[in-house]
Structures are given as structure tokens and as C-alpha cells.
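Reader: Got a minute? I'd like to go over the cysteines in this one.
Author: Sure. Here is the model.

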Amino acid sequence: MELIVAPTVVPPLTPWSPSVRVRGQQPDAVVRVLADGVLKGAALVGSGDGYVPLDQALQPGQRVWAEQELHGGVTSAPPPDSSNVQVLGVPDDELLSGIHSPSPLMRCGTCLYLNGVVPGTEVTVSRPPKPPVIFTAEWTTARVGLAPLGNAEVVTVSQRRGTAKGTNTLPPAKNLPGEQLSLPVPRLLQPLYLCQSVVEFEGLLPGATVDLSRNGDVLTFCFGHTTGRGRLPSGLEPHDKLTVVQRFQHCDAASPVSAESEVTDAPPPTPWFVAPVCVSDRDVEVGGLLRGAAVEFLIGMGTGTVAHAVAGSAPHRFNLPPLGNIQTLGVRQRLCKFGEWSGTSWTTLVTAGSLQHAEILEPLHACAAAVCVTDQTRTGLKAGTRVYVVSQRWAGPIGTAVCVGDRYTDVRLDFPLTAGDVLTLETVRCGIRHSSGEARPVMAAPEQFAPPEILGPADDAGRTLAVGGLVPGCWCEMEQVNSLSEEGPGIPLATHPCTREQTAVPIPEVQPGSFLRAAQRICARRSGGSHVKEIVDARPKYMPATADRICQLTGRRGPTKRGARFDTYKIGVKGTDLGIPVWHNGALRFFFGDTDEYDEDNGFVPADGDPMAWTHDLPDEPKGPLLNWATGPLLRWYTRLHVDGLPPLDNLEVPTGAFSYAGRLYVFVGRHKVGGVMCDSHLCATHGPDQDAADGLVKLYDVSSTVTPGWPGGRWLTHVSPTVVSCADWPGLPVTSGDGLVMFGSSQYHASALYLAFCPLDPLGIPAVPDPGTWWYYRAGAPADGAEPANWRTTSALLDMNPPEPTEVIPGLGLGEVSVVWEPSVHRWLEVNLEPHSPWEAIHLRSARRPEGPWTLHATVFDPGDPDADARNSDPGNQFVRLGPNSNVYAPYLIAPWTRFDRSTREVTLYYTVSTRLPVYNVQLLTARIHLGPNTP
């Protein structure tokens, strides 16, 4: 059954709003806007994002929603009450004075960016003696074109409606940096997809002219901010090549031209649900959507019911039709009308659970553009909670945000705060709206304040910097300078509203060795610059007492009540190990190793099979995630991993790593024991895109062997940890466009360093992975020779009896199993390994910006001999690892889809599987938290 979503009305709305902004609507749909059930306007608007002009004025306090109708009479269901938008009160002079520029003005800039604009007002930008720029505001933000600004020039902005008028003077325009610090090259966000019609930029200088060249045709933009979004006249095509440059034309200053960006023919990325969806929810938020993409919601796995929408600008909220009695919800996207769909993300609907008491953190200052919300215990509101900040003076909500489970949630405000106002909260959880929190007064901003401090070590993990000494409510300005002693003007990197004295401030990626400085601004008053700090790669820091064992994933019972949710004795799995995770076709899948088999009815059965399972659950379910096991047709016995082209896998012959690409699942399998140690590896795959590993794999290639010379992968990939990457994101790889596979590997078991290999991927290839004879191995310092790039050598150079050794990207680990993942939320590679030389065989974690390193020193995230890091192993009745010879843990595998980065505190929550020998041979699910850089409590 085909359904369409109801358009989402975008707040804020005032009695002066000339139109209502809507998102999510279909092409050629008539959108109707209603206030308290009365039709206020209707129009045929652009798909995904547009405005519906109003025939009648809105009134304070009204609730507004929208519906859409397609040709043929298909009409969206009414949206849930929880998504209605309340009309604010009539603003006065002081409220109108909140108009401001969040970004600094720069000399020779030809545009500025305004926030706090009230729709329906007449806005004037004054620069005597030049003529003013005057326009009528349609939305709360505006980009204004200007004649070039002069150094230290002062600009006044005002807005008025009838007799009400507010005015604000912006800080003087800043001088450009000296010649010793050239303008930075702007970045075009990658990858670029076929039919994509909106591109995004970062690394911009406010007011600079941005020229985007597409096959020689130039589009010119000016954003007035450090980031921007540009619309193309037509969707991207297969052979398009794009470059970008920024310049201040009237100052004869320009950046170098960027490297060429190419368009990938891969399907668009798989979107995801930002937070758990409740059984009673119809108002859901989705991440990872591309603007203009067609969006499909699959309502109930296998039911055939689909709801359609179009992605506008973020955040992407959708009002789904009634979901009925379903347990799962899926989402996917595509850009080309008849193009390939992305992968589908599935979520299992959850019950409502208990309510939390939300609070606004004090102090609150006038001119603040955001406020901080948390719960009474300061642990954070549950993911999926929608928070509305209600202003007494505006007589309604002036800001909203969806909590993602962070300890602190910053709510961006549509209009800055004013002294004397009082704020309260409303929250929506599982479709029900609640009043929450005590009233908080807004005080005047301080007249004087000191510069902030960039906290050390200055690590930009997660594309944030920890900054202290802030006035809550200020704008923090981050800029790059040339040296530690730099006193002159710098290059603006980012401007961000900060709600706490110590805050993680988002910034673009910067390289180690860069120098950054911070300042703060509130109510047009600006501090001096902070001390300059050099960017470094800080060692991860384990947060004491955060190691914990969530549950046992396999077997019948664990050492405590937190045993396996499913008794795997029922399917013959008495004990097993490994638990290698991979995200494939909308589910998290696990590959387990050698299995102790059990059948109380049939007596002896053959041992050493390798079970498989999958889940849609999250790790913090009350009893841990529920795994669904691949079993035979009568659900009586687990399905063994079987590979066509290989003998049945024997003891110690197991999967070692897996990845998903172009709908097909690929698995590295290790086998051929010598002295009880695995020696060979093979790359295997599912038979087709629609088949599962439980249907069997087929061997594609022999890869690597520590005992047989001449194998195409040499002897360095016995265990393999693979990651799919977009090559354009990783300058220095052997291939600069398309997709590729980064492979970390180990050689001789428990006696190996970490090695690095790479191969391109072809989404149309069958298989998508080329023969290992064409793979590259990383060799630091290897010069380019015309046939091969610098630092890389193909495997053809490794086929003789004494091949050259690849570079050890992390030497001396004594590795066996390998687990390395790319974690985009922290913008770091994370590596976890067993430390066999420690007294109790602890588990260590390292991080790096690039796969080849440099890698940081390690942090110990689990140590069974340390009560502070033993995951409560020393608690009475909770011992899951017996200390002593041959009773250790082994085989840690990071579960990348479950890794959480708390942007508000820079805490990283890790989840990983680990195998135990005694007291029970089974797989445990462990967690720990680390800091990358300094804490921001």
C-alpha cells in the first residue's frame, strides 16, 4: 500500500509571518496549511522544502499543521498533535532588537548572514554614507549582499513592523590575515552522488566570494558564514568534475583552487533513525538524508506498506501516517528518479518507558542564541525526547531540539534571549507532550569578561575543541593563526553559541601542528583572544570505573542474572567465541567461532561449527540485545558457516572479518592450521545481493598464507579487519576516486604487528573486490615510480620467496585477532587489541587520524586484574574471568555501529565483544568510556 507523509511545519510562526515553511512534501503536491482546523493558505510548492503563502493572518496561540494532496486525490493523514506548531505572540521593540550576525564581518566581504530575523518585518542594513539595503524578511535567517566592507567598518541592522522597531550594531569588520597566512582552500563535502542537486561547503571565510566550477562552468555564491549550501541548476552527472576557490576580489586575496572532486556512481548513503522510535510515535527524525532525495519509509518489515516523502534541509522530521500494529520501521533514500535505492536502516519500535524531569541549566544571559537542557541527575535526557524552550515574552516556544542521549542538549533559539524574560520547557516523548522543568529567569549579560581558554591537550577529535572560561550564552569564535606567538588577525574557522562555562565547540577538521585561538562575544561585546594552542593527537584516556559487562551473548547462563537473553543451548550452542560484527542490509550481524555443541536428546554431535546471528536491538536494552540466530528449517539447530570451495571449517578455522558492499556480504575466513595456529586466509562472499550468509558463502580468492609462499597477499593478512571508504576522503591512498577497502591485518598468530593493505571496489563488479594480486600494501617512504604511488606497493612485488616486508603501522603488539574501525562521529580510526604481555592480558585502545597513523599511545579499557577497569569482575558473584594461567580473555572486536560520541562532553562509549575461556567458554558484551582530549563536564 502506497502512502504519503504529512508535511512538517517548520517553527517559528508569528502573527506577522507572511507564509508558512513546510518540509517533506512530494513534487506537484498541493500543500494546505491549517490553524486550529481553519484553512489559512494553500499552494503548489517545491518538493522537500518550500513556503505556503497565507491568505489570512495567524493569531497568537494558534496551533498550525499542514497536509498535502497529490493528483488523483491521494491525501496525507492528519499529522500527530505533538508536531503542531504554536504561533508566538506579537513582538515588541526589545524582541526585534535581537537581529544580529553570528559570524564576524571581514574587510572586503560582500555579504553578511543575519540571525534573529522576525518574518514579515522590513529589514534595513545601514552603512552611511552608502545607501541602505532594505528587504522584507521571509524567514528567521537572511543572507544580504553588500558593497565591499572596509576595515573596522561598522554596520547597523534594524527591523520594523508598524510602530515596533529594533536596532542592533554589529561588531566592526575584521582585517584580513597577513600574507604569511594565505586564504584556506574551501572544502566541498564528499562524496558527491549522481543526481545530487545541492552541494555543501565548509572552511569558508565570512563574506568571501565562492566560485564553484563544474566542467568549466562557474557558479558564484556568497554565504557570509563559515559553512554554506549551494543549489545547482541540474543534478550531478557521471563525468562531472568540480573545483572550488574563494576570494576577496576587492582585496586581491584568493585561496588556491581545490583539487578536483568527482561524482561517484555508488548508491546514496544509508540514512538512519536519529533516536529510538516509540510504538506510539508518528513524528520521527532521520539522519543522513541528502537534500532533494526521495525518501521511503517501510512500515513493518515484509508488509509492503510504504510511505513516501522528499528530504528538505536538515533537521529531517517526518509526520508518518498511522503505523498500525507493527514492530519494525525502515527508511531508505534515492537521488535519481529511476536510480538505485540506498541500503535500508531498520529500527525496532520500543515502548514508552518512564518520563524524565527536564531542566534548563543556569545562568541564562540576554543575547544568548542557545540554552542547555538536561535532566535532574545530569545524565541526560533519553534519546528521542523532543525539547521545546518556551519564552514568556514571546508567549510560546522559541527553540526546539531532539535529544540523542548526550548528557547535555544545546537547544538553538530562533530569537536571542532578552533580560527579564522567563523560560520554561515542554517535552515530547513517544508522541505525548508534557510541561517540564522549573521557570528560569534571564539576566543581563556581563559588561566585561575575560578571554576563554582552549583546554589542553588541544585535540580536535569529533571535530570539536574543549573550551573553558566561557560566559554561558556567548558566541565562541574560533580562528586559525600562524604560530604560537601570533598576535595579528587570524582566519575564522567557526562561530558557535555556547551554553556552559566549559563546552565542546564544533570546528572543521584541522591538522596536527595547526595553531588556534578563541574569543567570545555576547551582546556585540567581544573579549580579546585566548592563548594560542597547537593542535595535537592526544592519547585516549580511560574514564575510571566505566568498564562494564553488559551481558553474555551466548550460552545458557552467565555468572550473574545478566546472562544471554536467549538460551543458545536450544539451538546446540553450548559455548562459542569471537562475535565479529558487521552492518549489512539494515541489521547488525555477528559471526561466531568454534562452537562447543550440545544436544541432550541426540547425544554426541560434531563440534567446531561457526554460528551466525543478527539483531536490530541497541546494546543498552534492559537485558542486553536479543540476537536472532541462523537456524535450520525447523529452528532446531544452528546453521553452520559453509563456504563453497573450502572444506568444512575445522577447529580454529573461523571467520576473521567482514564487510558489506553493493548489497553483498563479504567475509574473510582463516583456516589451515599448523601446530594449532591458523595460517591461511581466504576472501568469501554471499552468492548474491539478496542472499544471506546462512545460505552459504562462495570462496572468491586465496589471500594470504604464513606457510605457503607465493600467495597473492604475502603473509600479512591471516586475520583481516576491513573498512569500506570513499577514496576522495583519504588523500594518499593509491586510488583517488570511487570506493575502496582499507584492510588491517596480522600475520603469525600472537606474534604480529599491525599491517595495512588497500584495494579499490567496483559497485557494478561481480564480485566488487578485485583479485588480491592487484591490492596494495603500505610501505612508508616508498617513492612513486610512475607505475605505483608513493608509500604503496602492489602485491605483485610480494610473490617471491623473500618478499619485502610491509611497514608495521603499529609495531610490536603481539597481535592475533585484529579489530580496527573508522568512527566518523569522532573522526578517528580506533584500534583495540589484547595485550598478551600484561599480567592479566588487558585490552588496549589506540586512535589515529589516518589508517597509516601515527597512532597514539594506548589506553587500557579492560584489565581483569584492576578493580577500576575489570568490568566488575572482582564483584562477588560476578566473576566472568578467572585470573590465572589459561583463564584469560581474548579476541576483542569493536562494534562500530554501536559506538556513541557524546558531543557535549567528548566522551566516547565503546561496545565490543570479547571471548572468555574460563569460567565459561562464551562471548561477553563489554563497554567502556574514554575521553579523546580534555574533559568538558
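Author: Start with cysteine 195, which is partly exposed at 29% relative accessibility. Keep in mind that the model is predicted.
Reader: Which cysteine does cysteine 195 form a disulfide with?
Author: Cysteine 336, with the sulfur atoms 2.0 Å apart. The S-S torsion is about 100°, so this disulfide is right-handed. Cysteine 195 sits in the loop between β16 and β17, and cysteine 336 in the loop between β29 and β30, so the pair ties together parts 141 residues apart in sequence.
Reader: How many disulfides in total?
Author: Five.
Reader: What about cysteine 111 and cysteine 222, what handedness there?
Author: Left-handed, because the torsion about their S-S bond is about -85°. The pair links strand β9, with cysteine 111, to strand β19, with cysteine 222, 111 residues apart.
Reader: Is cysteine 111 buried or exposed?
Author: Buried, at 6% relative accessible area. Cysteine 222 counts as partly exposed, at 22%.
Reader: Now cysteine 367 and cysteine 523. How far apart are the sulfur atoms?
Author: 1.9 Å. The torsion is about 105°, so that disulfide is right-handed.
Reader: What is the pairing in sequence order?
Author: Numbering the bonded cysteines along the protein, it runs 1-5, 2-4, 3-7, 6-9, 8-10.
Reader: Switching to free cysteines. What is the nearest cysteine sulfur to cysteine 474?
Author: That of cysteine 498, 4.8 Å away, and cysteine 474 is in no disulfide. Cysteine 474 is buried, at 0% relative accessibility.
Reader: And where is the nearest cysteine sulfur to cysteine 679?
Author: On cysteine 684, 17 Å away; cysteine 679 is in no disulfide. Cysteine 679 is buried too, with 4% relative accessible area.

Conventions
Residues numbered from 1 in each chain as written. Predicted model: local features only at pLDDT ≥ 70, side-chain atom pairs only at ≥ 80, totals over all residues. Heavy atoms only, no water. Disulfide = S-S within 2.5 Å. Helix = DSSP H or I, 4+ residues; strand = E, 2+ residues; numbered from the N terminus. Buried < 20%, exposed > 50% of the residue type's maximum accessible area, 1.4 Å probe, protein only.
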